[in-house]
Amino acid sequence: MSSEPTQTPGADDDAIGFDDLTRDIAEVPAVEVITTVAVHLMSAAAVKCGLAEGGEKDKDLDEARKLITALAGLVTAGAPEISNFHAAPLRDGLRSLQLAFREASIVPDAPGAGPGEKFTGPVYA
């Protein structure tokens with residue numbers, strides 16, 4: 001069996017193969033991958049907190065909780081690896097999302113029980 005990527009019938013001859021994609025991701029520094037994932041999580045959480053253009057229509061606090069918790073885990077674990085220069089703005093964004101979640105909740109979580117607070121500690125206004 002060949003390790004060559006196969007192209008689907010009708011695909012362009014210029015299509016990027018698996019080896020090209022692997023080489024491309026190999027050239028991306030870890031700090032860039034970590035911060036990019038964090039920004040995607042932040043953006044999705046902001047939408048689910050009702051902070052985006054769609055507002056209340058897109059609000060889903062259950063989904064927001066999951067995204068914020070995942071973001072908190074990534075930022076907490078990744079911070080020592082990416083330096084404070086990159087981690088500080090991510091921490092600020094995370095804290096803002098945690099506060100926005102608390103404001104959007106009809107029944108607020110107890111201090112330390114909000115999304116991601118098991119990783120960051122309690123967040124107060």
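## Close-up views of a predicted model

**View 1. E117 and R102 join two helices.** E117 is a buried residue, as its relative accessible area is just 4%. Even so, E117 has a partner: this residue forms a salt bridge with R102, and the closest N and O atoms are 2.8 Å apart. The pair ties together distant parts of the chain, with E117 in helix α4 and R102 in helix α3, 15 residues apart. As you look through these views, please keep in mind that the model is predicted.

**View 2. Helix α3 bends back on itself at a kink.** How far apart are the end C-alpha atoms of helix α3? They are only 8 Å apart, although the helix has 44 residues (61–104) and a straight helix would reach 64 Å. Look for S83 along the way: a kink of about 140° is centred there.

**View 3. D60 sits at the start of α3.** Here a side-chain oxygen of D60 comes to within 3.3 Å of the backbone nitrogen of D62. D62 also belongs to a network of salt bridges, together with E63 and K66.

**View 4. K66 and E63 meet in a salt bridge.** Their side chains are 3.5 Å apart, N to O. Why are these two separated by about one helical turn? Because they are 3 residues apart in helix α3. K66 counts as partly exposed because its relative accessibility is 49%, and E63 is also partly exposed, at 30%.

**View 5. D109 and R65 form another salt bridge.** The closest N and O atoms of this pair are 2.8 Å apart. D109 lies in the loop between α3 and α4 (117–120), while R65 is in helix α3, so far along the chain that 44 residues separate these distant parts. Is R65 buried or partly exposed? With a relative accessible area of 28%, R65 is partly exposed. A search of the whole structure finds 6 salt bridges.

**View 6. G93 and M42 come together in space.** These two residues are 51 apart in sequence, yet their C-alpha atoms are 7.2 Å apart. G93 belongs to helix α3. G93 is buried, because its relative accessible area of 16% is under the 20% cut-off.

**View 7. I25, V33 and V37 make a nonpolar patch on the surface.** Together they have about 230 Å² of accessible area. I25 is part of helix α1, residues 18–26. I25 counts as exposed because its relative accessibility, 53%, is over 50%.

Notes. Residues numbered from 1 in each chain as written. Predicted model: local features only at pLDDT ≥ 70, side-chain atom pairs only at ≥ 80, totals over all residues. Heavy atoms only, no water. Helix = DSSP H or I, 4+ residues; strand = E, 2+ residues; numbered from the N terminus. Expected span 1.5 Å × (residues − 1). Bend = angle between axes of the 7 residues up to and from the residue. Polar contact = N/O pair within 3.5 Å; in protein donor to acceptor, adjacent residues only side chain to side chain. Patch = residues over 30% accessible without salt bridge, like charges linked within 9 Å, V, L, I, M, F, W, Y side chains within 5 Å. Areas by Shrake-Rupley, 256 points an atom, 1.4 Å probe, with all protein chains shown as cover. Salt bridge = Lys/Arg side-chain N within 4 Å of Asp/Glu carboxyl O. Buried < 20%, exposed > 50% of the residue type's maximum accessible area, 1.4 Å probe, protein only.
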